[in-house]
Amino acid sequence: MAYTYDDQNIFAKILRGEIPNDTVYEDEFALAFRDIQPQAPQHVLVIPKGPYVNYDHFAAEASDAEVVGFTRAIGKVCAAMGVEPGAGGMGYRMIANSGEAGVQEVQHLHVHIASGRVLGRMLKRFD
Ligand code: 5GP
């Protein structure tokens, strides 16, 4: 696997504080902020602080502490959004688009968390 991380991508600039964001949660491993063009009533992006292009890059090269920290941060973001079904929230959808087939626009790993309404089925039938 060979990934080259471009540190001029928009989320790298957000992490460096060069572009403002509407922060929902932040810790040592992750930053979560509202999507600038929300596709649901609640639409938050969670990104790791390390330089990873997508999820398979992250899974292969991030340290155990980063993987655990990022995963725990996603749970904390769900709590901050008030969407955890186990705590009375209405639930959510997590999406991590990668590469061409996934139609990934920004080349820094990000997990979308969408909620605020029933979102319908995940994918349309393709046949
Ligand atoms: P992708 O298609 O790569 O999975 O999604 C990228 C997401 O980033 C899109 O939903 C888009 O609206 C969001 N986005 C792009 N630029 C910015 C930005 O400058 N700020 C924020 N908050 N979101 C952005």
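1. Helix 1 supplies 3 residues to the shell around the ligand, the largest share of that shell. The model under review is a predicted one, and the points below should be read accordingly. Strand 2, residues 30-34, also takes part: helix 1 and strand 2 each supply at least two residues of the shell.

2. The shell consists of 16 residues around the ligand. Those that come nearest are Asp-35, Asn-97, Glu-105, His-110 and His-112. As to location, the ligand sits in the largest pocket.

3. Several polar approaches to the ligand can be listed with their distances. In the side chain of Asp-35, an N or O atom is 2.5 Å from an oxygen atom of the ligand. Glu-105 approaches through its backbone, where an N or O atom lies 2.6 Å from a ligand oxygen atom. Val-106 likewise uses a polar backbone atom, at 3.1 Å from an oxygen atom of the ligand. The ligand has 530 Å² of accessible area on its own, and the protein covers 88% of this.

4. Asn-9 merits a separate point. This residue lies in the segment before helix 1, the helix that spans residues 10-15. Is Asn-9 buried or exposed? Its relative accessibility is 7%, so Asn-9 counts as buried, the cut-off for that class being under 20%.

5. The surroundings of Asn-9 are as follows. Its side chain reaches the backbone nitrogen of Ala-12 at a distance of 2.9 Å. Leaving aside residues up to four places away in sequence, Asn-9 touches Val-106, Gln-107 and His-108. Of these, Val-106 is also the residue whose polar backbone atom is 3.1 Å from a ligand oxygen atom.

6. A further residue to inspect is Phe-58, which is found in helix 2, residues 55-61. Phe-58 counts as buried because its relative accessibility is 0%, with under 20% required for that description.

7. Which residues does Phe-58 touch, not counting residues up to four places away in sequence? They are Pro-48, Tyr-52, Glu-66, Val-67, Phe-70 and Leu-109. A comparison of sequence and space may also be made for Phe-58 and Gly-86: the two are 28 residues apart in sequence, and their C-alpha atoms are 28 Å apart in space.

Notes: Residues numbered from 1 in each chain as written. Predicted model: local features only at pLDDT ≥ 70, side-chain atom pairs only at ≥ 80, totals over all residues. Heavy atoms only, no water. Helix = DSSP H or I, 4+ residues; strand = E, 2+ residues; numbered from the N terminus. Buried < 20%, exposed > 50% of the residue type's maximum accessible area, 1.4 Å probe, protein only. Polar contact = N/O pair within 3.5 Å; in protein donor to acceptor, adjacent residues only side chain to side chain. Contact = heavy atoms within 4.5 Å. Near = heavy atom within 4 Å. Areas by Shrake-Rupley, 256 points an atom, 1.4 Å probe, with all protein chains shown as cover. 1 Å grid on protein atoms, 1.4 Å probe; cavity = no way out; pocket = protein on both sides within 12 Å on 5 of 7 lines; lining within 4 Å. Sits in = over half its atoms within 2 Å of the grid points.
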